[in-house]
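Here are some notes to read alongside the model. Take them one at a time, and keep the 3D view open as you go.

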Amino acid sequence: MAEALISSLLPIVVTLFLGFFAGWRKDFGEQQAGSLNQLVMDYTLPLSLFGGIMTTQRAAIFSHLAVAGWLLVAMVGGYLVVLLIARFILHQSTALAALRALAIAGPAIPFVGPTILGSLFPSESALLISLGGLIMNIIQVPFTVLMLSTTSKQHTSASANLLGAMKKPVVWAPILAFIIVLCGGQLSAAWAKNFTVLGSATGGLALFSSGIILFTKQPKLSLPVWVNSLAKDIALPAVMFVIMLAAHTPTSILNMSLMAISIPTAAIATIFASQYHLAEQEMASTLFLSTILSVVTMGVIIVVRSI
């Protein structure tokens, strides 16, 4: 299990380091990182989201409603709680609050999940990854884009911001795919390759670009970075564990939900930070620290729960 944990998380650190190294060598700079992020946001990520959702069976979405419900509570409920605290108690901007909420409540299930969840729950891992990906791509990503759109359109109306956000491929592609799946549509493995050839590059490009940003902005383990990482890896899983215990959740459902929630933060927050030029250093540093910490926190959960 330790080997599976390391093999899932180590590629994230290595790819981040390669991007950092490329920045140090001056092979790539901030301008090139911006171009890579534009490629990810406009092409590879929408293709990846659309293809991934379209290969999900409609029956799978409804077959494990309990797990889906707990993931929804953690990812959407956690997102809203962090957003409201950051916006109305800490008085942060709407865009920054949304970005931090995504970093804390958005686990990298599609990227890290296949190895870790596949080792722990062989027969249910595909479902867990699909459900986690659906919640992030259908709810968290579009809503975050809407909140972030206020940074570049300060003088436009809310309806104009919404329309502008909905025009982005990263927003409408997963929503369209979800509607098609609910209506009974699904792509075969052969047709899905049309979207995965370029879409599969999303994770690597995003992490490599994050490494470049880490070098250009200089990694800094500031207080916000520590808060984001500890909230993601410790606070949110701990709160959900207590809630699920109080609700007398069956052990198998609790273990699956808890491990999915405990996966470190997704690279999407760093992609958005670079795209909108907001808290780039903080998000890249959060991605790095959360990944490192998760090796310990997820290992503890596995030992304590004896999965």
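1. Of the 307 residues in the chain, 50% are buried. Here buried means under 20% relative accessible area, exposed means over 50%, and partly exposed is what lies in between, with a 1.4 Å probe and protein chains only. Please keep in mind that this is a predicted model, in which local features need pLDDT of at least 70 and side-chain atom pairs count only at pLDDT 80 or more, while totals for chains, interfaces and linings use all residues. Residues are numbered from 1 along each chain as its sequence is written, and side-chain values use heavy atoms, with hydrogens and water left out.

2. How many helices and strands does the chain have? There are 15 helices and zero strands. Both kinds of element are DSSP runs numbered from the N terminus: helices are H or I with at least four residues, and strands are E with at least two.

3. Now the outside and the long-range contacts. The chain has an accessible surface of about 13,600 Å², and carbon and sulfur atoms hold 70% of that surface. Such areas come from the Shrake-Rupley method with a 1.4 Å probe; for residues, only the protein chains shown count as cover. Among contacts with a separation of 6 or more, 84% join residues 24 or more positions apart; a contact means heavy atoms within 4.5 Å.

4. Next, look at the nonpolar cores. A nonpolar core is a set of buried Ala, Val, Leu, Ile, Met, Phe, Trp, Tyr and Cys residues joined through side-chain atoms within 4.5 Å. The largest has 82 residues, and Leu-117, Val-170, Met-259, Ile-268 and Phe-272 touch the most other members. Try following Ile-268: leaving aside neighbours within four places in sequence, this residue is in contact with Leu-45, Leu-102, Met-136 and Val-141. Apart from that core lies another, of nine residues, including Met-54, Leu-134, Ala-173 and Leu-187.

5. Two residues of helix 2 (residues 30-54) deserve a look, beginning with Thr-44. Thr-44 is buried, with a relative accessible area of 0%. Not counting residues up to four places away in sequence, Thr-44 touches Leu-39, Leu-198, Gly-199, Thr-202 and Leu-205. Leu-49 is also found in helix 2, and its relative accessible area of 6% makes it buried. Beyond neighbours within four places in sequence, Leu-49 is in contact with Asn-137, Val-170 and Pro-174. Leu-49 and Phe-178 are 129 residues apart in sequence, and their C-alpha atoms are 9.9 Å apart in space.

6. Ala-192 lies in helix 10 (residues 189-199). Is Ala-192 buried or exposed? Ala-192 is buried, because its relative accessible area is 7%. With neighbours within four places in sequence left aside, Ala-192 is in contact with Thr-55 and Leu-187. From C-alpha to C-alpha, Ala-192 and Met-54 are 7.8 Å apart, although 138 residues apart in sequence.

7. Leu-127 belongs to helix 7 (residues 125-148) and is buried at 13% relative accessible area. Its C-alpha is 8.4 Å from that of Thr-56, with the two residues 71 apart in sequence.

8. Which residues lie nearest the centre of the second largest pocket? They are Val-82, Ile-85, Ile-104, Val-227 and Ala-231, out of 17 lining residues. Helix 4 (65-89), helix 5 (94-105) and helix 12 (223-246) are the elements that give two or more residues to this lining, and helix 12 gives the most, with seven. A pocket is an open set of points on a 1 Å grid over the protein atoms alone, where a 1.4 Å probe fits, with protein on both sides within 12 Å along at least five of seven lines; lining residues have an atom within 4 Å of a point.

9. Finally, check two backbone angles. Most residues other than glycine have a negative phi. Lys-26, in the loop between helix 1 (2-24) and helix 2, has a positive phi near 65 degrees. Lys-26 counts as exposed, at 69% relative accessibility. Ala-279 has a positive phi of about 50 degrees and lies in the loop between helix 14 (268-276) and helix 15 (280-305). Ala-279 is partly exposed, with a relative accessible area of 24%.
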